[in-house]
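Hi everyone, thanks for coming. Please have a look at the sequence and the structure while I talk, and we'll go through some side-chain contacts together.

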Amino acid sequence: MRIGIIIGRIGGVDGVALETEKWIDILKKLGHEVFIISGEFESWEMDYEHHTLFPALSFFSAEAEWEQRKAFFEPDSDPDPLLDHVENWSDMIERNLLKWVRNKKIEVILSENASALPCQLSMGVAIKKLIKTTGLPIVTHDHDFHWERGERYLSVHGEINRYVDDNFPLLLPDVKHAVINTFGVETFRKRFDIDALLVPNVMDFNRIYGVPTPENQFFLRDVGVKEDEIALLQVTRIVRRKAIETAISLIDQLNDKKLKLVITGNNNDDENKEYYNELIDQIHELNLSRQIIFAAHKVLDHKDLSDVYAHGRACTYFSTYEGFGNAFVESVLAKKPIFVNNYKPVYMQDIGNKGFDTVMIEDSILSDEKVRQMAEIIYDPVRCREIGEHNFKVGKKYFSYEVLEQKLNELFTF
């Protein structure tokens, strides 16, 4: 089939973009021809026959930013101008999507979170209009939902909240919903009496990953870790739910000047750098400026992460909330021990119950016993290797490309 993917951005390091690339790999392996229309192609080699840049789909377009501000952050007293704008702007987007569908002879649409989370209002509404106009079959890859984000997508205006509920997620007849966790399956059943298909996030366990090479041997040195020092890795973006402050507290409690925490992600998605500045204050107050390393300038995109993992001792992943948690499985792929918070709503029921060997904390609390357990692993390279090998086998069983291939075979049968 000729599958058309609609996505706000692709090529970067956020979970939606990363997982979409894996779906593309498997869909092509299954013999489908894949076309992408996106607001941004980050670190992406463009094939103009199959890749279409449409800036109006970007989360950071002027219109999308204005909509978010007026809907959720700085609402006007009258919501009607915003609602009128979304209707009109989504009409424009739909017209362009229609041209793309016809030009590329698209047979089925894959909506990548655009029909689930209202982070780009007009795009989501336009996709709904597109499906109603064309009758095309659609798979929506739903990573997370507005009701899971506290007050982030809650407006002071009831009209806007109803509009969001009416359009996100996409509840037209015959839509196939793929969700990334058990919580999503349960939510669809309880809220909408719909059977969604669980498709976990995966990694390619057949590739060589996180292995020392002559090319990456100096990565840690180049970000400030000396040869006789030990690096813990925080391979995430700098956003509040990643709870990086807990990893910084761990460094403080371990009280070893030769331990360093390398944070690989940028703070581009941190509103006004508010959370980043809180971390800076924490680092300053704990006098850890020589032990906490921000390394985003050395990590250009997710394709460099293999080099990051190659020489780290273990990974910290103390997130409080995740739709899935790509960085967890990535650490497993790299055969690195991982210290994890029992993040909601996914970890124990979708990942932690599979038999991984980790040190898990609850509610972000670093007890003396948990810190001791982590220290025992950090300072025992042999144990690190044993844990890494064990977790790799578990990960390959549950979160491999082979698992994804089975799921996509089921989804893309019309």
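Let me start with a question: is arginine 2 buried or partly exposed? With a relative accessibility of 22%, arginine 2 counts as partly exposed, because buried means under 20%. Before I go on, please keep in mind that this is a predicted model.

So what does arginine 2 do with its side chain? It meets the side chain of glutamate 33 in a salt bridge, at 3.1 Å from N to O. Arginine 2 sits in strand β1, residues 2-7, while glutamate 33 sits in strand β2, residues 33-38, so this pair ties together parts that are 31 residues apart in sequence. Glutamate 33 is partly exposed as well, at 29% relative accessibility.

How many salt bridges does the count come to? The count is 21 salt bridges. I'll show you two others.

Here is one of them: aspartate 269 and arginine 9 meet through their side chains, 3.3 Å from N to O. This pair links distant parts of the chain, 260 residues apart. Arginine 9 is in the loop between β1 and α1 (15-29), and aspartate 269 is in the loop between β9 (259-263) and α9 (274-285). The two partners are covered to differing degrees: arginine 9 is buried, with a relative accessible area of 13%, whereas aspartate 269 is partly exposed at 28%. There is also a third residue to look for, since Arg9, Arg237 and Asp269 are linked in a network of salt bridges.

Now the other one. Lysine 129 forms a salt bridge with aspartate 91, and their closest N and O atoms are 2.7 Å apart. Which elements does this pair tie together? Lysine 129 lies in helix α4, residues 121-134, and aspartate 91 in helix α3, so parts that are 38 residues apart in sequence are tied together. Lysine 129 is buried, at 16% relative accessible area, while aspartate 91 is partly exposed, at 28%.

Staying with helix α3, which covers residues 80-104, you can also find aspartate 84 there. Aspartate 84 belongs to a negative surface patch, together with Asp78, Asp80 and Glu159. Is aspartate 84 buried or partly exposed? Its relative accessible area is 47%, so it counts as partly exposed.

Let's leave the charges and turn to the rings. The structure holds 17 aromatic pairs. One of them is formed by tryptophan 147 and phenylalanine 192, a tilted pair with 6.0 Å from centre to centre and 55 degrees between the planes. Tryptophan 147 is in the loop between β5 (138-142) and α5 (158-167), and phenylalanine 192 is in helix α6 (residues 182-192), so the pair ties together parts that are 45 residues apart in sequence. Both rings belong to partly exposed residues: tryptophan 147 has 21% relative accessibility, and phenylalanine 192 has 24%.

Why is the pair of tyrosine 343 and tyrosine 347 called tilted? Their planes are at 50 degrees, with the ring centres 5.4 Å apart, so the pair is tilted; for that label the angle must be neither under 30 nor over 60 degrees. Tyrosine 343 is buried, with a relative accessible area of 1%, and tyrosine 347 is buried too, at 2%. These two tyrosines are part of a cluster linked by ring pairs, and the other members are Tyr317, Phe324, Phe328, Phe356, Tyr398 and Phe399.

That's my tour. Thanks for listening!

Note on methods: Residues numbered from 1 in each chain as written. Predicted model: local features only at pLDDT ≥ 70, side-chain atom pairs only at ≥ 80, totals over all residues. Heavy atoms only, no water. Patch = residues over 30% accessible without salt bridge, like charges linked within 9 Å, V, L, I, M, F, W, Y side chains within 5 Å. Areas by Shrake-Rupley, 256 points an atom, 1.4 Å probe, with all protein chains shown as cover. Salt bridge = Lys/Arg side-chain N within 4 Å of Asp/Glu carboxyl O. Lys, Arg positive; Asp, Glu negative; His and termini not counted. Charge placed at Lys NZ, Arg CZ, Asp CG, Glu CD. Helix = DSSP H or I, 4+ residues; strand = E, 2+ residues; numbered from the N terminus. Buried < 20%, exposed > 50% of the residue type's maximum accessible area, 1.4 Å probe, protein only. Phe/Tyr/Trp six-rings, centres within 6.5 Å; stacked < 30°, edge-to-face > 60°.
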